[in-house]
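Biologist: I am new to this structure and would like a close look at one part of it. Please start from a single side chain, follow its partners, and explain your terms as you go.

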Amino acid sequence: MHLCEQVFSILPAHPRASHIAAGAYRLLRFLNEAESYFRTALRGNPEYSPSWSGLGATLFDQLRFKEAAECQNRAIRCNQRNPEAYYQRGLLRERRGDLSGASRDFRRVYRLDPHSYPQPVPLDEDTISAVLNEAIHTLHPTIGSYLKQIAVQVHDIPDSTICMQYDP
């Protein structure tokens, strides 16, 4: 029996216990279980913004982007100061190509919680190459010379079919 199952068995109908269990399952990458517990938490307290944003993040991890967007918008309606909801909504907007909307969400989340959500820095191919070269020069020369031979390609965010081929 998982620890979160033990917690849930103590207070099976309590929304916060369900929320905690859902978060634990999400961290363990048991996404179906996490989704189920987030939904249980929301049945008990449908206005609890962190459960909406947690459910949205879980759906995002399952590549269910439309449902995830609905959850993040609901989380923001419930609490306009929920940083996770804005962060996740920024990721969703970024996936859709709405870079200005994503930037607004990332700025807002940074203002709400700068320690947990540092402001992302947009990187172009030249900046990424400079950072990689700087990192290579800090390594042992043998490893650095090996890594200099590896070609690095920068691509846009992959579509869902490519994401499904890899473990998140």
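Modeller: Happy to! Let us begin at R74, which has a relative accessible area of 24% and is therefore partly exposed (buried means under 20% relative accessible area, exposed over 50%, and partly exposed in between, with a 1.4 Å probe and protein chains only). Before we go further, please keep in mind that this is a predicted model, in which local features need pLDDT of at least 70 and side-chain atom pairs count only at pLDDT 80 or more, while totals for chains, interfaces and linings use all residues. Residues are numbered from 1 along each chain as its sequence is written, and side-chain values use heavy atoms, with hydrogens and water left out.

Now to the partner of R74. R74 makes a salt bridge with E47, and their closest N and O atoms are 3.0 Å apart (a salt bridge is a side-chain nitrogen of Lys or Arg within 4 Å of a carboxyl oxygen of Asp or Glu). This contact joins distant parts of the chain, since R74 belongs to helix α5 (residues 65–78), whereas E47 is in the loop between α3 (31–44) and α4, 27 residues apart. Helices here are DSSP runs (H or I, at least four residues; strands are E, at least two), numbered from the N terminus. E47 has 49% relative accessibility, so E47 is partly exposed too.

That pair has company: by the salt-bridge rule, the count comes to ten. Another of them brings R26 and D61 together, with 3.2 Å between the closest N and O atoms. R26 sits in helix α2 (residues 15–27) and D61 in helix α4, so this bridge ties together parts that are 35 residues apart in sequence. How buried or exposed are these two partners? R26 is partly exposed because its relative accessible area is 22%, while D61, at 17% relative accessibility, counts as buried. The R26 and D61 pair is also part of something wider, for R26, R29, D61 and E84 are linked in a network of salt bridges.

One more bridge is worth a visit: the side chains of R64 and E67 meet at 2.9 Å, N to O. In this pair R64 is partly exposed, with a relative accessible area of 26%, and E67 is partly exposed as well, at 31%.

To round off the picture, let us turn to some residues beyond these bridges. Back in helix α2, we find A21. A21 has a relative accessible area of 1%, so A21 is buried. Along the chain A21 and E33 are twelve residues apart, and 8.9 Å separates their C-alpha atoms. V109, which lies in helix α7 (residues 99–112), is also buried, with a relative accessible area of 1%. From V109 to N82 the gap is 27 residues in sequence and 8.1 Å in space, C-alpha to C-alpha. Finally, V152 is placed in the loop between α9 (141–147) and α10 (160–163), and V152 counts as partly exposed because its relative accessibility is 47%.

If you would like a route through the model, start at R74 and E47 with their salt bridge, go on to R26 and D61, and then pick out R29 and E84, which belong to the network with those two.
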